[in-house]
Amino acid sequence: MEKVLITIYEEDVSPRFDLSSVVFIASLNDRRETIERKTIVLTSASPEELCHMILSQGITHLICGGIEDEFYQYLNWKKVEIIDSVIGHYEEVLDLFLKGRLEQGTNLMFQKTQG
């Protein structure tokens, strides 16, 4: 089973991994359909706590804004697929991910202003 975690701030992908205190987790079935959704509020904005939660929850995919290289390399080493530098409403980002069209650097805000 795949599990995707998106760091969020209000309704958007959080601009910085290290300042994220709210996360959204979606569990997916074999057809990449969402079977469970939950939002978790962390006790503090701590990248170490967030990394620990990612690993303990069995997260397979991380979607975030900016992430320091130290945490990127650590999670990548732990086999977590990371899609970073993402900007946009987290639900729209999740939809793109489920369709297999989310890429590093995706900026949905820019697309709307150019629309």
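I take a residue as buried under 20% relative accessible area, as exposed over 50%, and as partly exposed in between. The model I consulted is a predicted one.

**Entry 1: Tyr 74**

I looked up Tyr 74 first and found a relative accessibility of 34%, so the residue counts as partly exposed. I then located Tyr 74 in helix H2, which covers residues 69-77. Next I asked which residues make the nonpolar surface patch of about 320 Å². I noted Leu 55, Tyr 74 and Trp 77 as its members.

**Entry 2: strand E3**

I turned to strand E3, residues 22-28, and checked its burial. I recorded 6 of its 7 residues as buried, so the strand is largely enclosed by the rest of the structure.

I then looked up the pairing of E3. With strand E1, residues 2-9, I found an antiparallel arrangement joined by 7 bridges. With strand E4, residues 34-41, I again noted the antiparallel sense, over 7 bridges. For individual positions, I noted that Ala 26 of E3 is the bridge partner of Val 4. I also noted that Val 22 stands opposite Val 41 in E4.

**Entry 3: strand E1**

I asked whether strand E1 is mostly covered or mostly uncovered. I found 6 of the 8 residues of E1 buried, so by the cut-off of under 20% relative accessible area the strand is mostly covered.

I followed the other pairings of E1 in turn. I found that E1 runs parallel to strand E5, residues 61-63, with 3 bridges between them. I found that E1 runs antiparallel to strand E2, residues 12-13, with 2 bridges.

Ile 6 drew my attention for its partners. I recorded Phe 24 in E3 as the residue opposite Ile 6, and Ile 63 as the bridge partner of Ile 6 in E5. For the pairing with E2, I noted Ile 8 opposite Val 13. As background, I kept in mind that side chains in a regular strand alternate between the two faces of the sheet.

**Entry 4: the hairpin of E1 and E2**

I counted what lies between the strands of this hairpin and found 2 residues. I placed Glu 10 in the loop between E1 and E2. I read its phi as positive, about 60°, although Glu 10 is not a glycine. I also looked up its accessibility: Glu 10 has a relative accessible area of 61%, and is therefore exposed.

**Entry 5: the hairpin of E3 and E4**

I found 5 residues between the strands of this hairpin. I asked where Arg 32 lies, and placed Arg 32 in the loop between E3 and E4. I noted a positive phi near 60° for Arg 32, a residue other than glycine. At 25% relative accessibility, I recorded Arg 32 as partly exposed.

**Entry 6: surface charge**

Finally, I asked which residues gather in a patch of negative charge on the surface. I listed Glu 48, Glu 68, Asp 69 and Glu 70. I traced Glu 48 to helix H1, which covers residues 47-56.

Note on methods: Residues are numbered from 1 along each chain as its sequence is written. This is a predicted model: local features need pLDDT of at least 70, side-chain atom pairs count only at pLDDT 80 or more; totals for chains, interfaces and linings use all residues. Side-chain values use heavy atoms; hydrogens and water are left out. Buried means under 20% relative accessible area, exposed over 50%, partly exposed in between (1.4 Å probe, protein chains only). Helices (H or I, at least four residues) and strands (E, at least two) are DSSP runs, numbered from the N terminus. Two strands pair if DSSP finds at least two bridges between them. Patches are made of residues with over 30% relative accessible area and no salt bridge: like charges are joined within 9 Å, nonpolar side chains (Val, Leu, Ile, Met, Phe, Trp, Tyr) within 5 Å. Accessible areas come from the Shrake-Rupley method with a 1.4 Å probe; for residues, only the protein chains shown count as cover. A salt bridge is a side-chain nitrogen of Lys or Arg within 4 Å of a carboxyl oxygen of Asp or Glu. Lys and Arg count as positive and Asp and Glu as negative; His and the chain ends are not counted. The place of a charge is taken as NZ of Lys, CZ of Arg, CG of Asp or CD of Glu.
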